[in-house]
Amino acid sequence: MPKSLLIDPSDVLRSGTLVAPALPLNAYVADPQAEAQKYGSANLVRIYRDMLFIREFETMLDKIKKEGAYEGVTYNHRGPAHLSIGQEAAAVGQAYHLSPCDVIFGSHRSHGEILAKSLSAIEKLEMRALTTVMETYLDGNILRAVERYSDGTDKNLAIDYTLYGTLAEIFAKATGFNRGLGGSMHAFFPPFGVMPNNAIVGGSADIATGAALFKRVNRRPGIVIANIGDASLGCGPTWEAMIFAAMDQYHTLWTSEIGGHPPILFNFMNNFYGMGGQPKGETMGVDVLARAGLALNPAAMHAERIDGLNPLAVADAIERKRAVLEAGDGPVLIDTVTYRFSGHSPSDASSYRDASEMQLWQAQDALLRYRAYLIEHQHATASQLDQLRDEVKARLLVTLRAVISDDLSPRLMPSSPGAKHSPPGLDQSATVEVIETLMFSNGYKDRMAEGEPEVLLPKAESRLKQLHQKYRFAFDADGKPYPKLKTLTYAEALTEAMIHRFYEDPTMIAYGEENRDWGGAFGVYRGLTECLPYHRLFNSPISEAAIVGTGVGYALSGGRAVVELMYCDFMGRAGDEIFNQMAKWQSMSGGVLQMPLVLRVSVGSKYGAQHSQDWSSICAHIPGLKVFFPATPYDAKGMLNLALRGTDPVVFFESQRLYSEPEKLVTGGVPTDYYEVPLGEPALRRSGSDVTFVTLGATLYVALEAAKVLEAQSISAEVIDARFLQPLNYEPIIASVRKTGKCILASDACERGSFLHTMASHISGACFDALDGPVTVVGARNWITPPTEIEDAFFPQKDWLIRALHEHIAPIEGWLGA
Ligand SMILES: Cc1ncc(C[n+]2csc(CCOP(=O)(O)OP(=O)(O)O)c2C)c(N)n1
Ligand SMILES: [Mg+2]
C-alpha cells in the first residue's frame with residue numbers, strides 16, 4: 001500500500017535561503033520574588049538539601065577512593081567512581097518538576113541524577129506508595145537491611161533507603177538496587193523513574209528514545225530524559241537516536257491519536273570535558289553544543305543552552321520543555337552548562353586543565369551561590385543551612401557504616417552453597433550459579449500488557465487467509481513437488497508467526513529499514529501494512545544502532561519489539577547495542593528488567609564480502625543473548641513463535657538461501673495452528689549409524705546431499721540440525737556421536753573462531769572414549785566472501801564434508817574426492 005507523501009519538484013527546487021531558528025542561550029532571568037512565590041521557602045531549601053546530598057555523597061566516595069576513609073570510617077572500594085562534584089544543580093534542577101512516571105536514563109557519571117530523581121519522587125509519592133515500593137522491590141530485601149539500622153521514619157526512611165540502595169549497588173552488595181551486579185556505572189531504580197545508567201558513552205541516547213517510543217505507542221504518561229555527556233555528541237548512536245526521535249512520520253503518517261513525537265529530551269550535561277579531551281575547542285567544532293539541534297528538524301529540537309549552575313534555571317527549562325514534549329512536538333535538546341570539580345575518576349590528576357580554570361568555576365560553585373541566594377532572600381539562615389549540612393552528613397555516615405557491614409550488606413555469592421545470599425526465588429538448598437540464573441529471565445508471556453491489540457483488519461482477513469490456502473509441504477503424496485508459488489515458504493512461515501503475536505500482544509511493534517511498504521528486506525512482512533497501523537509497523541531510518549538501541553529501550557520499558565537488520569553484516573553498525581545493551585541489561589539489573597526483544601537478521605549469499613557473512617558465532621560468544629537459526633519453514637515458524645512469546649533477547653538468524661523454500665523435511669508440513677519448537681533442542685533430520693553430521697543454518701541441505709552420496713558408499717550418515725546456538729541441548733548430539741563414533745560439524749560461518757569449534761570441544765569432551773577420530777569442523781573459508789560467481793569455493797559443499805570424513809576421521813575406500 002503506497003504512502004501519500006508527495007515530493008513536489010517545484011517545491012524542493014525552489015531557490016531561497018534556509019533560515020534556522022535562533023537558539024536561546026542562558027535565557028533564564030532570575031526573579032527572586034517570583035521564585036519565592038512559585039516555590040516557597042521550604043521547597044527552595046529542599047533543593048539545597050538535595051544538592052548537599054549529592055555533594056556529600058560524592059565527596060564521601062572521593063575520599064574513600066583516594067584516602068580509603070570517610071570521617072574515620074575505612075573502606076577499600078575496588079570498583080569505579082565517576083563523580084559529579086560540581087554538577088549537582090543540573091541534576092536537582094532537572095528532577096524538581098519531574099513526576100515519578102517521568103523517567104531518566106544516564107551515563108557513567110549519574111550517581112547525582114539517581115539521588116536527585118529519587119529524592120524528587122520521594123517528595124511526590126504518598127507514604128503508602130513509598131511503602132509498597134520498598135516492601136515489594138526485590139522482595140523487600142533492601143528495606144529489611146535498612147530497617148536494621150535506620151532511625152528514619154516516614155519519608156526519611158525512604159531517603160535512607162535510597163542512599164543505602166544506591167551506595168550498596170556502587171559497592172557491589174547483594175542488597176544494592178541491582179543486587180550488586182550493575183555497580184557504580186549502571187546503578188538504577190525503576191520505581192522512582194531512574195532507568196539504566198550506561199557505561200558506554202552516549203549509550204543512553206537510543207535506549208531512552210525507545211523508552212519514549214514505548215510511552216507513546218502504549219499511551220503511558222510521562223516524559224523521558226537521556227542524560228548524556230557533551231563528549232557523547234561525537235558518538236554515531238547519539239545522532240542516530242536524535243534522527244530516529246525526530247522522524248516526520250510521527251506526525252505525517254501515524255494516527256494523531258498517538259500524540260505525535262515520542263516525548264524524549266536529550267539533555268547534554270555539558271561539563272566541557274570528555275576524559276581529558278575538550279569537545280569545545282578541541283575535539284569538535286560545534287562551539288555551542290545546542291547548535292546540534294539545528295541539524296535535526298525545522299524546530300531545531302527546541303534546543304537551548306541553559307545555566308546548569310542555577311537549579312532554578314534548570315527547573316524552569318524542564319518545565320517548559322515538558323509542555324513541548326507532552327504536546328507531541330519533541331524531541332528536545334538541552335545543552336546544560338555545568339562543570340565537574342572532581343576528576344573524570346578519582347585517579348585523574350586533571351593534568352589536562354589549568355588550575356586557574358578550576359578557580360574560575362569554583363567561584364561559581366552552585367552550592368555556594370545558591371546558599372548565598374537562600375540566605376540573602378531569607379529562605380533560611382546560615383546556621384539552619386549548616387545544620388542541614390550536618391544532618392545530611394550524619395545520614396550518609398550511618399548509610400556508609402551499614403553498607404560496608406558484610407553482615408548487614410552481604411555480597412552476592414556467584415556460586416552459593418546453601419544460597420544464603422542468593423536472590424529470593426532461587427533454590428535455597430542446592431549450590432546455585434547465581435549470576436548464571438540471572439543471565440536470562442526465561443519467562444514466557446503471551447502479551448506484555450493487557451488490552452486489545454490495535455489492528456486494521458480482523459485476523460481472519462489478514463494475509464493468513466491467503467497463506468492458509470497454500471500447500472504446507474513441498475511434495476504431494478507421491479513425492480512430486482507442488483508448484484513453488486502455491487506452497488508456503490520459509491519467509492511466509494515467519495510471517496505467520498509475526499501475525500500470530502501481533503494479534504495477541506498489544507505492545508508488540510516491529511520496525512527496521514524498509515519494514516513497511518517494502519514488506520521487510522525479504523518480504524516477511526508483506527501484506528502486514530493492511531493489518532497494522534503505522535505505530536505497530538514502520539520504516540526506520542538507516543540507523544542500525546538506533547534500530548536495536550530503541551528496541552532495547554522499548555523492551556526494557558515493558559513492551560515487546562521485533563527489530564530487523566537487513567543483513568547480519570550490518571550488525572557491526574549496531575555492535576554496542578547488540579553486544580552490550582541487548583545482551584546485558586537483564587543480568588546487570590539483577591533480574592529486575594526483562595528484555596523481550598527479537599532481532600531478526602538475515603545471513604546472505606550472492607552479494608559478496610559485505611553482505612554475505614554468517615556472524616552467528618559472534619552472537620553466541622556474548623553471554624546474555626539467545627541465538628536461534630532455523631533451517632526449515634517448520635522451524636522458522638515454531639522458533640519465531642517461541643522467541644516472540646519469550647521475555648529474553650533473541651538474535652534470530654534467517655537464511656536468504658531459504659526464504660523462498662517450502663518445507664521439504666518435516667513431513668507433516670508447516671501447521672496452520674500455533675506451535676513452538678522446544679527451546680534448545682536440536683532436530684534429527686536423517687538417521688544413520690556410521691557418522692554424525694551436525695549443522696547450523698542452510699548447510700543442513702549440503703549435509704543431507706553429502707549423506708546421500710555416502711549412502712552409495714554404504715556409509716550411513718546421521719544428520720542433526722542444531723538449530724539453536726544458545727541455549728543448546730548437547731545430549732541428543734552426544735548420544736548420536738557416541739553411537740557413530742564420528743562427528744563432522746558444518747556451517748556457513750568462517751571456520752576460524754566459529755561456534756562449531758565450541759561445539760566440537762564439548763562433543764570431544766563428552767565422547768572422547770567413543771570417538772574414532774577427531775571431531776572435525778567444516779566452515780566457510782577464512783576469506784572475504786567472494787562474488788557469487790565463485791562463492792562455491794567459499795561456502796561448504798557436500799564434497800567438503802565427505803573429504804573431512806575421508807581425510808580426518810576414517811578413509812573411505814575408493815573415494816577419490818571431487
Ligand atoms: C563508547 C565509549 N568510548 C569511550 C569510553 C571511555 N570513556 C568513559 S567516559 C569518557 C568521557 C565521556 O565524556 P562525556 O560524554 O562528556 O561525559 P562526562 O565524563 O564528562 O560526564 C570516555 C572517553 C566509553 N566508556 N565508551
Ligand atoms: Mg563531559
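Student: Where is Ser350 found?

Tutor: Ser350 is in the loop between E8 and helix H12 (355–362). Those labels are DSSP runs numbered from the N terminus, helices (H or I) having at least four residues and strands (E) at least two. A word on the model: it is predicted, so local features need pLDDT of at least 70 and side-chain atom pairs pLDDT 80 or more, while totals for chains, interfaces and linings use all residues. Residues are numbered from 1 along each chain as written, chains are lettered from A and ligands numbered from 1 in written order, and side-chain values use heavy atoms, without hydrogens or water.

Student: Why is Ser350 called buried?

Tutor: Buried means under 20% relative accessible area, exposed over 50%, and partly exposed in between (1.4 Å probe, protein chains only). Ser350 comes out at 17%, so it counts as buried. Arg219 has 32%, so that one is partly exposed.

Student: What is the phi of Ser350, and of Arg219?

Tutor: Phi of Ser350 is near 55 degrees, and Ser350 is not a glycine. Arg219, also not a glycine, has a positive phi of about 50 degrees; Arg219 is in the loop between helix H8 (203–217) and E5. Most residues other than glycine have a negative phi, and most peptide bonds are trans.

Student: Which residues does a cis peptide bond join?

Tutor: One cis bond joins Gly330 and Pro331, with omega about 0 degrees. Another joins Gln726 and Pro727, with omega about -5 degrees. Pro331 lies in the loop between helix H11 (311–326) and strand E8 (332–337), and Pro727 in the loop between strand E20 (724–726) and helix H24 (731–740).

Student: What are the protein donors of the magnesium ion (ligand 2)?

Tutor: Asp230 (OD), Asn271 (OD1) and Tyr273 (O), at 2.0 to 2.1 Å from the ion. Donors are N, O and S atoms within 2.8 Å of the metal (3.2 Å for Na, K and Ca), and water is not among the atoms, so a site may look incomplete. Asp230 sits in the loop between strand E5 (224–229) and helix H9 (236–245), and Asn271, 41 residues apart from it, in the loop between strand E6 (264–270) and strand E7 (304–307). Asp230 is buried at 2%, and Asn271 is buried at 5%.

Student: How do you know that the buried residues of H25 line one face?

Tutor: They are Phe755, Leu756, Met759, Ala760, Ile763 and Cys767. Down the axis they fall within an arc of 140 degrees, so they line one face; the arc is that of the directions from the helix axis to the C-beta atoms.

Student: What is the largest pocket lined by?

Tutor: It has 19 lining residues, with Glu436, Phe440, Pro623, Gln726 and Pro727 nearest its centre. H25 gives the largest share, three residues. The pocket holds about 410 Å³ of space.

Student: What makes a space a pocket rather than a cavity?

Tutor: On a 1 Å grid over the protein atoms alone, a cavity is a set of points where a 1.4 Å probe fits but cannot get out; a pocket is an open set with protein on both sides within 12 Å along at least five of seven lines, and lining residues have an atom within 4 Å of a point. Volume is the space filled by probe spheres set on the points, which are joined across faces, edges and corners. The structure has seven cavities of 30 Å³ or more, and the largest is about 70 Å³. Asp230, the magnesium donor, is among the residues lining that largest cavity.
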